[in-house]
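Thank you all for making time this morning. I would like to walk through one chain with you, going from single contacts out to the whole, and I will try to keep to what can be read from the coordinates.

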Amino acid sequence: MSRIGKWYMRLIGAIGIVIALHSAWRFFFSPSPLWSPEKLPTFCSLLLLSWICYCLPLYVRDDCTVDLSFISIQASILTLGPEAAVIISLISYPISISSTPGGKEYIHIFNTAPIKTFFNIGNCNISLWVGGLAYYAFGGTPGNITLPGVLPPAFFYIAVSMAANVAVIFFYYRFSHDGDLSNVLIPLILGLLPSIALSSPIGYFLAMLLVMDNGVWLALLFMLPLLLARYSFKLYLDGRRQQFSIIKAFAAALDAKDAYTQGHSSRVAAYTVQIATAMHLPERRVRRLADAAVFHDIGKIGVPDSILQKPGALTPEERAVIQRHPQTGVDILRELDSYQELLPLILHHHEFYDGRGYPDGTKGDEISLDTYILGAADAFDAITSDRPYRHGRSTQDAVAILLEESGKQFHPDVVAVVADMAARGELGPDALEEEDASC
């Protein structure tokens, strides 16, 4: 990370601490404090709920989590005010303990980089405080949650706090990363919108329970079905992750059968991601391509080793056998709902741009650009890797072959990007080794 990126993270954290101190003074010690002793049960229950939510994130992907903390924070704003929400978040987030995606390790403040914790606290406090200003500007009054008057301040609190969060993240990536920020921000916004839109009514219902008689107990009971729903969804996500791991291990075992193809699928996945990112594909398509690349040759499990490892040229009959592997791969994955989007990529990754490929002889725009990216990455690794019948060739030779076949076997736009990346030293076996060494 650049020096300016680190200073930016420190600045955000420092602003967050100032906001926290101001909120604590405003809530507890100002001439007109928002605090009163009878609010202690509500404050403690919201603090407990916020801590539980931070401790139980759901890993939609290894790099993407969803938690229920927004619900408790929104209820805090509606019942006690934005200042209380800042204080509750400030206390509950640092003491939270959550598991890693695989569930084998735990994440807490003592094994997280201090600057990251500092930045995350600052980002959260800034978002809540700016959103709180909008809440007050549009007539919000803590504890007054009557409909429809509560809707405008609640809506603008959500919109402004979300915009502030995205703005902080935007400048973080601007200062610490190069490249197209749309691949980061658009998925971030699209990922936030459904979660916030669907959880906002739950936050309101929780606030409504808290202002009722015995509201603290009602709110705690109300959270139990939500935690059950969270547990059910976690089981579903864990099942998908385990299914992916099994199929990935299956593909790795196939690679390991032959010393010449060992690591082929993982290298093709790496090349595919690099090319797709350079072509500015959305993050979702890049992830789909990476998964398809891992499984693209899984159908070769049905090809005899005598054909796969033959040191000489294949006979027409042997070539016909090996050309069935895309369809075999599709047949293996067809019954798994999670992989339906991958099937066209796996089936057509040996199709040619001019229609000479297999299994269907499709051409041009009849198949997607994504498929051509996978096909080019597959060919690039095949050319630069050792095979039973020849030694691997250089990156320059591979690029020359792709350029010669541009508009024939390969999509011209994909070849142009591959050639440009290789000329800058960003693509090839040496570039992969450097990337692995830096991780």
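Let me begin with a pair of side chains, those of H264 and D381, which are joined by a polar contact of 2.5 Å. Before going further I should say that this is a predicted model, and everything that follows should be heard with that in mind. H264 belongs to helix α9, and with a relative accessible area of 3% it is buried, since the limit for that word is under 20%.

A second histidine is worth setting beside that one, namely H411, which sits in the loop between α16, residues 395–404, and α17, residues 412–423. Is H411 buried or exposed? Its relative accessibility is 11%, so H411 counts as buried. If we leave aside the neighbours within four places in sequence, H411 is in contact with Y353, L369 and Y372. A polar atom of the H411 side chain also lies 3.1 Å from the backbone nitrogen of D413. For those of you who think in terms of sequence separation, H411 and D365 are 46 residues apart along the chain, while their C-alpha atoms are 9.7 Å apart in space.

From there I would like to move to the loop between α14 and α15, where E351 is found. This residue deserves some care, as E351 is buried and yet has no salt bridge, the nearest side chain of opposite charge being that of R356, 10 Å away. What, then, does the side chain of E351 have by way of a polar atom beside it? One of its polar atoms lies 3.3 Å from the backbone nitrogen of T362. Not counting residues up to four places away in sequence, E351 touches G357, Y358, P359, D360, G361, T362, I367 and Q409.

Two of the residues in that list, Y358 and P359, bring us to the backbone, for the peptide bond from Y358 to P359 is cis, with omega near 10°. P359 is placed in the loop between α14, residues 343–348, and α15, residues 369–384. Another cis peptide bond runs from L147 to P148, with omega near 0°, and P148 is found in the loop between α5 and α6, the latter spanning residues 151–176.

Why point these out, together with the phi values I am about to give? Most residues other than glycine have a negative phi, and most peptide bonds are trans. Against that background, H280 has a positive phi of about 65° although it is not a glycine, and H280 is found in the loop between α9, residues 264–278, and α10, residues 283–295. N214 likewise shows a positive value, with phi near 55°, and its place is the loop between α7 and α8. Because its relative accessibility is 59%, N214 counts as exposed.

The loop that holds N214 also holds V211, between α7, residues 182–210, and α8, residues 215–256. V211 is partly exposed, at a relative accessible area of 42%. Together with F205, M208, M212 and L218, V211 forms a nonpolar patch on the surface, and the accessible area of the five comes to about 400 Å². Further along, in helix α8, we meet K234, which is partly exposed at 29%; K234 and L56 are 178 residues apart in sequence, but 9.8 Å apart from C-alpha to C-alpha.

For contrast with that surface patch, please look at helix α4, residues 82–92, which is mostly covered, with nine of its 11 residues buried. Among those buried residues are E83, V86, I87 and I88. Their cover includes α1, α2, α3 and α5.

Finally, let me step back to the chain as a whole, which has 18 helices and four strands. Of its 439 residues, 43% count as buried. The chain exposes about 22200 Å², and carbon and sulfur atoms supply 63% of that area. Among the contacts with a separation of 6 or more, 68% come from residues 24 or more positions apart. I will stop there, and I am glad to go back to any of these residues.

Note on methods
Residues numbered from 1 in each chain as written. Predicted model: local features only at pLDDT ≥ 70, side-chain atom pairs only at ≥ 80, totals over all residues. Heavy atoms only, no water. Patch = residues over 30% accessible without salt bridge, like charges linked within 9 Å, V, L, I, M, F, W, Y side chains within 5 Å. Areas by Shrake-Rupley, 256 points an atom, 1.4 Å probe, with all protein chains shown as cover. Salt bridge = Lys/Arg side-chain N within 4 Å of Asp/Glu carboxyl O. Helix = DSSP H or I, 4+ residues; strand = E, 2+ residues; numbered from the N terminus. Buried < 20%, exposed > 50% of the residue type's maximum accessible area, 1.4 Å probe, protein only. Contact = heavy atoms within 4.5 Å. Polar contact = N/O pair within 3.5 Å; in protein donor to acceptor, adjacent residues only side chain to side chain. Lys, Arg positive; Asp, Glu negative; His and termini not counted.
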